[in-house]
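Work through the exercises below with the sequence and the model open side by side. Each task is followed by a solution in steps.

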Amino acid sequence: METLHLPIFIIILHLINLFCLVLLIRSGIQILFDHPKLYWTDDTKDDNHWLRFGKKIMPKDKLWTSLDEAEDPGKLALPGGTHNLGSARHWHFTVAIVWVTTGLTYIGYMLVSGQWQRLIPTDVGVFSRAIDTMYHYLTLNIPVEGATYNALQQLTYAGVVFVLAPLAIITGLALSPALVAKYPGFLRLFGGRRQVARSLHFIAMVLFTLFILVHVTMALGFHFYDSVKRITLGSTDADFALALTIFLMALILLVAFNIWASFFTLGDQVRLRRILTKFYTPVVRLLFGRMKSDQHYTKKDISPFFRVNGYPPKSEEYAELKANNFKNWKLKVYGLVENPLEMSLEDIKDLRKQDQITKHNCIQGWTAVAEWGGLPMRDVVEMCKPKANAKYVIFYCYDIDDDGNAYYSGLRLSDMFDRQTILAYEMNGEPLPIQYGAPLRLRCEKKYGYKMAKYIHSIEFVESFAHIGKGRGGHREDNVFFDWEAAI
Ligand SMILES: Nc1nc2c(c(=O)[nH]1)N[C@H]1C(S)=C(S)[C@@H](COP(=O)(O)O)O[C@H]1N2
Ligand SMILES: [Mo]
């Protein structure tokens with residue numbers, strides 16, 4: 001009988017695909033557990049999820065933040081531990097790029113070589129034949145494998161390649177705050193809701209996991225000898241001992257690499273961030289770097305509940321300013337500018353005011369819509385006149401974490417010209433409440449929440465941020481190893 005021959009090229013792609021899927025699932029679980037709740041609405045509350053992991057109950061009588069909700073996903077996740085989301089994201093995006101490239105190469109090869117006919121069913125009879133095959137498997141009348149895939153294989157493989165993988169990619173893209181800030185219409189695919197995309201992205205992950213388990217069981221459980229020979233040496237005519245050796249070596253490599261990846265990551269998250277961001281940030285910049293926020297939600301979209309992330313400052317200085325309704329507070333704008341500024345809250349309120357209703361995306365996973373009112377940053381830039389060498393703008397805040405690191409965040413000078421980058425002193429028509437960043441906070445609507453500094457006291461224009469904090473351009477970048485771009 002004629003048998004199926006797999007070229008070495010396909011065998012290698014198959015192995016890379018397996019590595020990628022395992023790493024994507026593991027890092028995905030880590031990302032999920034930083035906000036272990038899934039919703040069908042973008043008004044995320046602490047009780048309107050359809051699925052949750054972990055058992056933490058948030059107190060009703062005192063302020064809590066979304067950081068308090070994070071759970072430890074355990075050793076199965078990459079890298080494991082609580083709030084190691086930053087490193088998980090570095091893995092997720094790096095591997096996603098490799099995985100998509102592998103997939104496109106595979107599809108390209110199938111098309112060029114004419115092998116697509118093996119993969120893509122060309123008649124409707126495939127469904128009834130697939131049911132037949134399923135029946136054979138269920139009754140343990142295991143069909144003999146031939147030169148082509150059987151109908152069940154065709155349907156499943158085509159479904160995974162042409163439905164499940166695109167679903168994972170599209171729902172993953174829809175999670176980018178930059179993309180949906182620029183094209184809120186993209187979210188219409190998901191009823192205008194990022195949380196629908198997030199939930200479907202999770203479901204895609206579950207389906208991939210199921211596929212791997214069933215696929216491995218079917219291939220190895222029912223056709224062990226043939227499968228081992230085929231996925232290592234490409235043909236059932238191959239030598240079994242050699243095939244098994246290669247198979248076991250690949251398996252050991254997969255397990256060893258995953259253990260190493262966790263240890264390497266947890267051992268030095270700074271180094272991991274440096275290496276992996278170098279790889280994927282250029283891609284992020286190319287695809288998402290020029291996107292500017294163009295969101296126009298309406299009053300009826302405003303969320304009844306808006307989570308808090310970042311406790312109010314505990315310092316005496318802030319307490320005094322607050323006691324006095326921030327009358328003595330002054331915003332300092334300095335650094336590489338022709339015209340340093342010092343403005344009270346009243347001064348700022350006398351300038352042009354811009355209102356915007358936008359969707360906030362926290363890197364941890366939750367969303368909420370609010371109306372923000374304040375001074376456009378491009379007006380500040382016009383007033384202070386940055387010098388030619390000013391490249392970045394750093395926002396310094398009053399809150400200091402338990403290790404003594406003050407909150408700050410840095411953005412590009414060019415981000416200041418985005419229409420929806422403002423210094424907000426109003427939220428939903430009211431003076432900015434304390435927990436949301438009084439007296440003044442940044443809104444840069446195409447970025448993740450951690451870029452939008454609350455409790456601002458000064459703004460510095462700089463050429464480089466290497467000398468500020470730990471040199472990575474922001475408190476979250478410094479201390480929990482988030483990427484600087486914050487666009488996906
Ligand atoms: N000063 C300061 N600004 C901050 C934070 C913080 O801890 N301190 N947290 C950031 C994060 S991670 C998010 S998601 C948003 C949350 O804004 P909110 O508390 O108004 O919802 O604020 C950002 N700005
Ligand atoms: Mo956040």
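**Exercise 1. Enclosed space**

Task: State how many cavities of 30 Å³ or more the structure holds, and describe the lining of each.

Solution. Step 1: there are 2 cavities of 30 Å³ or more. The model is a predicted one, in which local features need pLDDT of at least 70 and side-chain atom pairs count only at pLDDT 80 or more, while totals for chains, interfaces and linings use all residues. Residues are numbered from 1 along each chain as its sequence is written, and side-chain values use heavy atoms, with hydrogens and water left out.

Step 2: fix the terms. On a 1 Å grid over the protein atoms alone, a cavity is a set of points where a 1.4 Å probe fits but cannot get out, a pocket is an open set with protein on both sides within 12 Å along at least five of seven lines, and lining residues have an atom within 4 Å of a point. Grid points are joined across faces, edges and corners, and a volume is the space filled by probe spheres set on the points.

Step 3: the largest cavity holds about 280 Å³. Its lining has 26 residues, and Asn309, Arg441, Gly449, Lys454 and Arg476 are the closest to its centre. Sorted by class, this lining has 14 nonpolar, 7 polar and 5 charged residues. Here Ala, Val, Leu, Ile, Met, Phe, Trp, Tyr, Cys and Pro count as nonpolar, Asp, Glu, Lys and Arg as charged, and the others, Gly among them, as polar.

Step 4: the second largest cavity has a volume of about 40 Å³. Tyr280, Thr281, Val284, Asp483, Trp484, Glu485, Ala486, Ala487 and Ile488 line it, divided into 6 nonpolar, 1 polar and 2 charged.

**Exercise 2. An open pocket**

Task: Find which helices each supply at least two residues to the lining of the second largest pocket.

Solution. Step 1: this pocket encloses about 990 Å³. Among its 37 lining residues, His92, Phe93, Ala96, Gly172 and His201 lie nearest the centre.

Step 2: the helices are H1 (8–33), H2, H5 (151–173), H7 and H10. Helices (H or I, at least four residues) and strands (E, at least two) are DSSP runs, numbered from the N terminus.

Step 3: the lining comprises 27 nonpolar, 7 polar and 3 charged residues.

**Exercise 3. Helix pairs**

Task: Give the crossing angle of H7 with H8 and the packing angle of H4 with H5.

Solution. Step 1: the axes of H7 (residues 194–222) and H8 (residues 224–233) come within 5 Å and cross at roughly 115 degrees. H7 is therefore roughly perpendicular to H8. Angles under 35 degrees count as roughly parallel, over 145 as roughly antiparallel, 65 to 115 as roughly perpendicular and the rest as oblique. Axes are lines fitted to C-alpha atoms, for helices over the stretch in contact, and angles run from 0 to 180 degrees between N-to-C directions.

Step 2: Ala219, Leu220 and Phe222 of H7 meet Phe224, Ser227 and Val228 of H8 (contact means heavy atoms within 4.5 Å). This contact has 5 nonpolar, 1 polar and no charged residues.

Step 3: H4 (residues 125–138) and H5 pack at about 110 degrees, with axes 7 Å apart, so they too are roughly perpendicular to each other. The residues in contact divide into 8 nonpolar, 2 polar and 1 charged.

**Exercise 4. A salt bridge and the backbone**

Task: Locate the partner of arginine 307 in its salt bridge, then the cis peptide bond that ends at proline 79.

Solution. Step 1: arginine 307 pairs with glutamate 69, their closest N and O atoms being 2.7 Å apart. The partners are 238 residues apart, arginine 307 in the loop between H10 (269–288) and H11 (316–323), glutamate 69 in the loop between E2 (51–52) and H2 (85–113). A salt bridge is a side-chain nitrogen of Lys or Arg within 4 Å of a carboxyl oxygen of Asp or Glu; the count comes to 17.

Step 2: the cis bond joins leucine 78 and proline 79, with omega about 5 degrees. Proline 79 lies in the loop between E2 and H2.

How values were computed:
Chains lettered and ligands numbered in written order.
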